[in-house]
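Please work through the exercises below with the sequence and the model side by side, and try each task before you read its solution.

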Amino acid sequence: MQAMVTAADSELRNGTGAGADFRDWLHLPTDYDKDEFARIKAAAKKIQADSEVLVVIGIGGSYLGARMAVDFLHHSFYQAQTAADRKQPLVLFAGNSLSSSYIADLIDVIGDRDFSVNVISKSGTTTEPSIAFRVFRQLLEDKYGVDGANARIYATTDRQRGALKTEADAEGWETFVIPDGVGGRFSVLTAVGLLPIAVSGADIDQLMAGAAKAEVTYVNPDLTQNEAYQYAAYRNILYRKGFTTELLENYEPNMTMLAEWWKQLAGESEGKDQKGIYPSSANFTTDLHSLGQYIQEGRRNLMETVVKLAEPNHNVKVPSAKSDLDGLKYLEGKEIDWVNTQAYRAVVAAHTTGGVPVMTVNIAKEDEFTLGYLIYFFEVAIAISGYLNGINPFNQPGVEAYKTNMFGLLGKPGFEEIGEQLKKEIND
Ligand code: PA5
């Protein structure tokens with residue numbers, strides 16, 4: 001694969017590949033707006049001081065990065081902790097579905113607590129976040145008055161254009177920028193991810209430092225030296241051999257959303273021109289008791305990539321017990337994480353024997369530096385992977401198709417004809 005990887009690397013680095021205008025994420029860890037970074041930290045401090053809850057409104061690339069980072073970096077029961085234990089505002093998410101129950105329940109959970117809103121949308125017109133923003137803006141205005149509400153709204157959007165930018169300027173909301181050359185799924189290291197992550201109490205300097213380390217580590221096109229490129233090459237070799245679905249797996253429940261973020265990164269980047277690896281996920285050992293059967297013996301089109309943690313945040317040992325009815329005496333005194341690692345080793349052996357290729361991405365810790373590094377690893381690997389498969393990894397033309405239909409059915413002005421046609425087709 002070296003010749004193909006060298007060509008893909010050249011397309012990415014020299015901007016000769018498709019979608020070249022959307023490569024600014026490549027140097028984000030080092031070449032970012034330092035003044036804005038300072039403003040993000042200042043805004044996070046203000047929100048920490050005046051709010052018990054931050055409602056982050058966004059969807060897709062304007063949601064998943066912050067969500068996965070908050071889960072990855074905090075207590076497994078972050079949301080259930082008391083304010084005193086958590087010490088920082090609760091970061092909750094809205095605008096990532098059209099469920100009215102979810103919105104009502106979120107309002108219920110906020111209750112009479114002080115809150116702020118970070119609305120994130122590059123276009124400013126995406127249906128889900130726009131509807132949620134109306135609801136939570138109204139809630140803020142009812143609670144704090146118009147001026148008070150305006151001081152609690154933070155808009156992360158396009159530098160110059162779009163409905164949200166226009167409204168933010170008119171109302172005096174503090175704004176942060178989604179840079180032009182960074183697509184939504186590559187935007188977690190911009191204000192899109194950084195503000196909510198900073199509000200949650202995580203160290204965004206360390207996050208950027210980890211990404212910066214990866215930026216220099218993964219610059220060498222030599223396949224023997226570059227693990228991100230190795231990952232891209234392996235998954236493409238496997239894809240061509242018929243392994244068309246890749247499961248991103250973890251052995252830590254707080255990495256569930258990491259897989260959701262990765263699924264958007266991989267799926268939206270690679271699934272086009274009627275080709276591409278289908279990104280899916282599994283959470284182990286939980287899913288070994290559900291999906292495990294299929295993975296072991298089902299259709300042989302699966303490959304697996306495990307993100308394996310070396311050092312858990314806490315160690316708990318298997319306690320001794322009076323009786324040995326559960327047959328666990330032989331494990332007494334062992335760390336549960338050691339048991340987890342033996343499960344991982346056993347699964348890799350079983351699945352490999354069963355004909356499922358398994359790759360592993362080893363990470364040291366669940367801290368900010370490691371996460372920043374991991375984010376960059378996956379971003380650069382997926383970009384190279386897209387070029388290896390001959391597509392533009394930076395566009396997403398397919399996400400518009402359903403929207404046209406939905407606008408037709410909703411009766412949005414300008415879409416009436418499509419709506420009428422569609423209603424006939426579906427016998428509405
Ligand atoms: O990656 C993408 O481009 C999408 O997932 C978008 O981030 C998502 O549709 C949200 O768009 P916007 O930020 O314009 O509201």
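The exercises that follow go from the sheets to the core, the ligand and the backbone.

The model is predicted, so local features need pLDDT of at least 70 and side-chain atom pairs count only at pLDDT 80 or more, while totals for chains, interfaces and linings use all residues. Residues are numbered from 1 along each chain as its sequence is written.

**Exercise 1. The sheet with five strands**

Task: Find the order of the 5 strands that form an open sheet, and state which strands stand at its edges.

Solution. Begin with the vocabulary: helices (H or I, at least four residues) and strands (E, at least two) are DSSP runs, numbered from the N terminus, and two strands pair if DSSP finds at least two bridges between them. The order is 2-1-3-4-5, and the pairing is parallel. Strand 2 (90-94) and strand 5 (174-178) stand at the edges with a single partner strand each, so one side of each is left without a neighbour in the sheet. Neighbouring strands of this sheet are turned by 20° against each other on average, direction ignored, where the axes are lines fitted to C-alpha atoms (for helices over the stretch in contact) and angles run from 0 to 180 degrees between N-to-C directions.

Next, look at individual pairs. Strand 1 (residues 53-57) is joined to strand 2 by 5 bridges, and Ile57 has Ala94 of strand 2 as its bridge partner. Strand 3 (residues 115-120) runs parallel to strand 4 with 4 bridges between them, and Val119 is there partnered by Ala155 of strand 4.

**Exercise 2. The sheet with four strands**

Task: Describe the open sheet of 4 strands, and find the residues that Thr245 faces in strand 8 and in strand 7.

Solution. The strands follow the order 7-6-8-9 with parallel pairing. Strand 7 (278-283) and strand 9 (358-363) stand at the edges; each has a single partner strand, so one side of each is left without a neighbour in the sheet. Strand 6 (residues 245-250) is joined by 6 bridges to strand 8 (residues 302-309), and it also pairs with strand 7 over 6 bridges. Thr245 stands opposite Leu302 in strand 8, while in strand 7 its bridge partner is Tyr278.

**Exercise 3. Burial and the core**

Task: Decide whether Val91 is buried or exposed, and then find which helix gives the most to the largest nonpolar core.

Solution. A residue is buried if 20 or more other C-beta atoms lie within 10 Å of its own, exposed if 12 or fewer, and partly exposed in between, with C-beta atoms placed from the backbone. Val91 lies in strand 2, and it counts as buried because it has 28 C-beta neighbours inside 10 Å. Its C-alpha is 6.3 Å from that of Ser200, although the two residues are 109 residues apart in sequence. For whole elements, 6 of the 6 residues of strand 4 (residues 153-158) are buried, whereas the count is 0 among the 10 residues of helix 16 (residues 416-425).

Now turn to the core, meaning a set of buried Ala, Val, Leu, Ile, Met, Phe, Trp, Tyr and Cys residues joined through C-beta atoms within 7 Å. The largest one has 106 residues, and those with the most contacts inside it are Ile57, Ala69, Phe377 and Ile384. Helix 14 (residues 368-388) gives the most to this core, with 14 residues.

**Exercise 4. The ligand**

Task: How many residues surround the ligand, and how do they divide by type?

Solution. A residue is counted as near when its C-beta atom, placed from the backbone, lies within 6 Å of the molecule. By this rule 14 residues surround the ligand, and the closest are Gly60, Gly61, Ser123, Thr126 and Gly184. The shell divides into 2 nonpolar, 9 polar and 3 charged residues; Ala, Val, Leu, Ile, Met, Phe, Trp, Tyr, Cys and Pro count as nonpolar, Asp, Glu, Lys and Arg as charged, and the others, Gly among them, as polar.

**Exercise 5. Backbone exceptions**

Task: Where are Lys87 and Thr285 found?

Solution. Most residues other than glycine have a negative phi, and most peptide bonds are trans. Lys87, in the loop between helix 4 (83-86) and strand 2, has a positive phi of about 70°. Lys87 is exposed, with 10 other C-beta atoms within 10 Å. Thr285 is found in the loop between strand 7 and helix 12 (292-297), and the peptide bond from Phe284 to Thr285 is cis, with omega near 5°.
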